[in-house]
Amino acid sequence: MSYKVTLIPGDGIGPEVALAARRCVDATGVSIEWEEVIAGAAALKQFGDLLPKQVLDSVRRNKVALKGPIVTPIGGGFRSVNVAIRQELDLYACVRPAKIYPGVRSSFKNIDLVIVRENTEDLYAGIEFEAGSLSAKNVIAEIQKNNPKKIRPDSAISIKPISSFASERIVEFAFEYALKNGRKKVTAVHKANIMKYTDGLFLKTAREVAARYSERIAFEDTIVDNMSMQLVQRPQNYDVLVLPNLYGDIISDLCAGLVGGLGVAPGANIGDGLAVFEAVHGSAPKYAGLNKVNPTAMILSGVLMLRYLGEESAAIRLEEAVKVVLAEGKSVTYDLKADRNDPSAVGTSQMADAIIKKLKDK
Ligand code: NAD
């Protein structure tokens, strides 16, 4: 079987880690024709558009993509290309496994949990009103017509839509994921004590969905601040976490930290029949072009992609090769060494070479 997959190299360190992942995926022997398309800074330069139409068309056509990180400048009315891709393609489930591999330094042992983050709504819906703008003033005036609570006139406003539809679909996804992957428990994370309507709806919907699975998968819910503490103290108690968009983003970075850092945290954005695989980390601009950063997160995103394509044995072989290289701790990047200045650290492409060698030696 041969596959056609869209490759979006991305910005900053994106092209280096995407190339490393592509080479490792190819080394499994699975036949993939890569269709490379550019988004982000390079696309802005070449086509005058951060997210040219051909990028979304390519993913729609091929159904599967491997994507490097893309820069989002802070502020300035600039929407994230990463968020736009997820929203345009309705990739509603962001799946981020957080697992400790032997050899990766962490204060914890035996963490193996999966974050399922809602990807399309919440404060990431991109509905914002700039402070002092006419639209912000109109929104404030409208809200205050029926609500005695005072909003300062110089406020900026962000809207947090949480729907019953999107909540049901993400929680159902989490339970189906748990069933398919032999997981035992789903924890819904929220702040329903404060945001009674938005997070309250998410929680109510989660409880309704959980009732349909109660014979097979355990369910609990936790408030996001308490969850942050519990994860730092007792991460082993958790299995699958399901969260609205913003909490999911923050808790995924926290979990990446628990299992050894952003360099080893992979991810997938999945919709109905479409999927884009990308690391949790961003474009780390200060390391761009240095052949220095850790390619593991992107390579493990490639493992998730192989599994999604149904190439389970290739996925297992590639994950095993990554595991061996991590456990040996020799041909690894600076961030995986005890001393970050260890001169024996290898570069991005050399770590990929070591993983490919392990794959071939098997
Ligand atoms: P970042 O993840 O790019 O980097 C933060 C730090 O984490 C880096 O300075 C580095 O020390 C470490 N790090 C990240 N990836 C690493 C790797 N592979 N190996 C070793 N160390 C690694 O986060 P940031 O600096 O907040 O964001 C930079 C840009 O990336 C921003 O424009 C942001 O919007 C964007 N971003 C994109 C995505 C995405 O494309 N999905 C995700 C997050 C951030």
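Which residue in β11 does Cys94 stand opposite? Cys94 stands opposite Asn269 in β11, and this pairing opens a description of a predicted model in which local features need pLDDT of at least 70, side-chain atom pairs count only at pLDDT 80 or more, and totals for chains, interfaces and linings use all residues. Residues are numbered from 1 along each chain as its sequence is written, and side-chain values use heavy atoms, with hydrogens and water left out.

## Strands

Helices (H or I, at least four residues) and strands (E, at least two) are taken as DSSP runs numbered from the N terminus, and two strands are said to pair if DSSP finds at least two bridges between them. Strand β4, residues 93-99, has six of its seven residues buried, so the strand is largely enclosed by the rest of the structure; here buried means under 20% relative accessible area, exposed means over 50%, and partly exposed lies in between, with a 1.4 Å probe and protein chains only.

The pairings of β4, β5, β8, β10 and β11 are set out below.

| Strands | Sense | Bridges |
|---|---|---|
| β4 and β5 (residues 112-118) | antiparallel | seven |
| β4 and β11 (residues 268-270) | antiparallel | three |
| β5 and β10 | parallel | four |
| β8 (residues 185-190) and β10 | parallel | three |

Individual bridges place residues within this arrangement: Pro97 has Val114 of β5 as its bridge partner, and Val114 in turn has Val240 of β10 as a partner. Val240 is also the bridge partner of Val186. Strand β10, residues 240-243, is covered on both faces, with Val240 and Val242 buried on one side and Leu241 and Leu243 buried on the other.

Ala174, which lies in helix α6 (residues 164-180), is in contact with two of these β10 residues, Val240 and Val242, and also with Val116 and Val186, when neighbours within four places in sequence are left aside; contact means heavy atoms within 4.5 Å. The C-alpha atoms of Ala174 and Val242 are separated by 6.4 Å, although the two residues are 68 residues apart along the chain. Ala174 counts as buried, at 0% relative accessibility.

## Two loop residues with positive phi

Most residues other than glycine have a negative phi. Asn110, in the loop between β4 and β5, has a positive phi near 55°, and Asp122, in the loop between β5 and β6 (128-129), has a positive phi near 70°. Asn110 counts as exposed at 65% relative accessibility, whereas Asp122 is buried, with a relative accessible area of 0%.

What does Asp122 touch, not counting residues up to four places away in sequence? Asp122 touches Ile159, Lys160, Pro161 and Ile162, together with Pro244, Asn245 and Leu246. The side chain of Asp122 reaches the backbone nitrogen of Leu246 at 2.9 Å, a polar contact in the sense of a pair of N or O atoms within 3.5 Å, where within protein one atom must be able to donate a hydrogen and the other to accept it, and residues adjacent in sequence count only if both atoms are side-chain atoms. The C-alpha atoms of Asp122 and Tyr247 are separated by 9.6 Å, with their positions 125 residues apart along the chain.

## The ligand and its surroundings

Around the ligand there are 23 residues, of which Ile70, Thr72, Asn82, Gly282 and Ala284 come nearest; a residue is near a molecule if one of its heavy atoms lies within 4 Å of it. Polar atoms of the protein approach the ligand at several places: a polar side-chain atom of Lys67 lies 3.3 Å from a ligand oxygen atom, a backbone N or O atom of Ser283 lies 3.0 Å from an oxygen atom of the ligand, and an N or O atom in the side chain of Glu278 is 3.1 Å from a ligand nitrogen atom. Taken alone the ligand exposes 820 Å², and the protein buries 71% of that, with accessible areas from the Shrake-Rupley method and a 1.4 Å probe.

Glu278 also links the ligand's surroundings to helix α10 (residues 296-308), where Ser301 has its place, since the side chain of Ser301 reaches the backbone oxygen of Glu278 at 3.4 Å. Ser301 is buried, with a relative accessible area of 0%. Leaving aside neighbours within four places in sequence, Ser301 is in contact with Leu66, Pro266, Gly267, Phe277, Glu278 and Ala279.
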